[in-house]
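Biologist: I would like to learn how to read a structure like this one. Could we go through it feature by feature?

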Amino acid sequence: MMKDGRTVMLAVDHGYFQGPTTGLENPRKTITPLLPYADSLALTRGVLRTSVDPSQKIPIILRVSGGTSILKELSDEVVTTSIEEALRLNASAVALSVFVGSEHEKQTLANLAELVNEGERYGMPVMAITAVGREMARDARYLGLACRIAAELGASIVKTYYCEDFQKVVEGCPVPVVIAGGKKLPEREALQLAFDAVSEGAVGVDMGRNIFQSSNPVGMIRAIRAVVHDGKGVDEAMRLFGEKQPAKQIAR
Ligand code: R5P
């Protein structure tokens, strides 16, 4: 989180169940040019070890749940990475998915509760991600339920999806909420999504595909920053998206 209370997290953890996701086939190549513009980087230990130089100062949100793939039931997750490993890797927070209403709801909520217990021993915050099962509606009633449960179990921040009446989701959740971007959209629509989410109470985004699958990933993350941190509207952000990129880096 930056001083303005907002955040642009860059999500590049998709491979943990999707394999070589489009745009992340070579994670280092994708991640490196985006690092100066991200407030934090959300990824697994495998990609952190292999694809991010240890000299990089970017805060790490370490994905620690998994054990499933797109070929099987996604909710059957376990915690894959220990708190000690997260500390060794200098993570700023750990993240895991919960699947409220799915086949393995209880297991994933127990994973969250146990991770919070472990994290508390070291002051390691936990981000809960409200994964949505194929059969679940992404509406405020469902996402509000999932976010609130995650917060009640001790998550310090919750990542969810934007939906109609999103402010109700935020109001019912006593910890900060960020949104995932979801599948690739036209840039204007993705910027509108980020604009609507922060206007309705999200503290920012944890966005992946709408940045790294864009025709201009650096332009897109700069445009997202303008919306999240500078209060810019979609038209102005679109102008930034189209601009030639300056060489200078953002100081962190
Ligand atoms: C999904 O499994 C991960 O949690 C992603 O980090 C999350 O969905 C955000 O990425 P995207 O903006 O591509 O949805």
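**Reading the model step by step**

Modeller: Start with a loop: asparagine 90 sits between helix H4 (83-88) and strand S6 (93-98). Keep in mind that this is a predicted model.

Biologist: What is the phi of asparagine 90?

Modeller: The general idea comes before the case. Most residues other than glycine have a negative phi. Asparagine 90 has a phi near 60 degrees, which is positive although the residue is not glycine. Aspartate 165 also has a positive phi, near 60 degrees, and is not glycine either.

Biologist: Where is aspartate 165 found?

Modeller: Aspartate 165 is in the loop between S8 and helix H7 (166-171).

Biologist: Are these two residues buried or exposed?

Modeller: The cut-offs are needed here: buried means under 20% relative accessible area, exposed means over 50%, and partly exposed lies in between. Asparagine 90 has 61%, so it counts as exposed. Aspartate 165 has 35%, so it is partly exposed.

Biologist: What about asparagine 26: where is its place?

Modeller: Asparagine 26 is in the loop between H1 and H2. Its relative accessible area is 40%, so asparagine 26 is partly exposed. Its C-alpha is 14 Å from that of tyrosine 16, and the two are 10 residues apart in sequence.

Biologist: Which loop residues are buried?

Modeller: Leucine 35, alanine 155 and aspartate 39 are among them. Leucine 35 lies in the loop between helix H2 (27-31) and strand S2 (40-43). Its relative accessible area is 4%, and therefore leucine 35 is buried. From leucine 35 to isoleucine 61 there are 26 residues in sequence and 14 Å in space, C-alpha to C-alpha.

Biologist: And what does aspartate 39 touch?

Modeller: Aspartate 39 is in the loop between H2 and S2. With a relative accessible area of 6%, aspartate 39 is buried. Leaving out residues up to four places away in sequence, aspartate 39 touches Met2, Arg6, Thr7, Val8, Ile58, Pro59, Arg225 and His229. Alanine 95 is 56 residues from aspartate 39 in sequence, and the C-alpha distance is 16 Å.

Biologist: Where is alanine 155, and which residues does it touch?

Modeller: Alanine 155 is in the loop between helix H6 (140-152) and S8. Its relative accessibility is 3%, so alanine 155 counts as buried. Apart from residues up to four places away in sequence, alanine 155 touches Leu112, Val116, Val126, Ala128, Ala150 and Val175. Its C-alpha is separated by 24 Å from that of arginine 209, which is 54 residues away along the chain.

Biologist: How many residues does the largest nonpolar core have?

Modeller: To read a core, look for buried nonpolar residues whose side chains are joined by short distances, within 4.5 Å. The largest nonpolar core here has 74 residues. Leu41, Val94, Leu112, Phe166 and Ile224 have the most contacts inside this core. A second, separate core has 10 residues, including Ala42, Ile61, Met127 and Val203.

Biologist: Which residues are in contact with valine 94?

Modeller: Without its neighbours within four places in sequence, valine 94 is in contact with Leu62, Val64, Ile83, Ala86, Leu115, Met124, Pro125, Val126 and Met127.

Biologist: Now the empty space. What is the volume of the largest pocket?

Modeller: Again, the idea first. Rolling a probe the size of a water molecule over the atoms shows where empty space is left. In this model the largest pocket has a volume of about 790 Å³. Its lining has 35 residues, and Phe17, Leu74, Ala131, Val132 and Tyr161 lie nearest the centre.

Biologist: Which helix or strand gives the most to that lining?

Modeller: H1 does, with 3 residues. Helix H1 (15-18), strand S7 (126-130), strand S8 (157-160) and strand S10 (204-207) each supply at least two residues. By class, the lining has 12 nonpolar, 11 polar and 12 charged residues.

Biologist: Last, the whole chain. How many helices and strands are there?

Modeller: The protein chain has 11 helices and 10 strands. Of its 252 residues, 54% count as buried. Among contacts between residues at least 6 apart in sequence, 67% join residues at least 24 apart.

Biologist: What is the radius of gyration of the chain?

Modeller: The chain has 17 Å; a compact globule of 252 residues would have a value near 18 Å, so the two agree. Along the principal axes, the C-alpha atoms fill a box of roughly 50 × 40 × 35 Å.

Terms used
Residues are numbered from 1 along each chain as its sequence is written. This is a predicted model: local features need pLDDT of at least 70, side-chain atom pairs count only at pLDDT 80 or more; totals for chains, interfaces and linings use all residues. Side-chain values use heavy atoms; hydrogens and water are left out. On a 1 Å grid over the protein atoms alone, a cavity is a set of points where a 1.4 Å probe fits but cannot get out, and a pocket is an open set with protein on both sides within 12 Å along at least five of seven lines; lining residues have an atom within 4 Å of a point. Grid points are joined across faces, edges and corners, and a volume is the space filled by probe spheres set on the points. Helices (H or I, at least four residues) and strands (E, at least two) are DSSP runs, numbered from the N terminus. Ala, Val, Leu, Ile, Met, Phe, Trp, Tyr, Cys and Pro count as nonpolar, Asp, Glu, Lys and Arg as charged, and the others, Gly among them, as polar. Buried means under 20% relative accessible area, exposed over 50%, partly exposed in between (1.4 Å probe, protein chains only). Contact means heavy atoms within 4.5 Å. The radius of gyration is taken over C-alpha atoms; the globule rule is 2.2 Å times the number of residues to the power 0.38.
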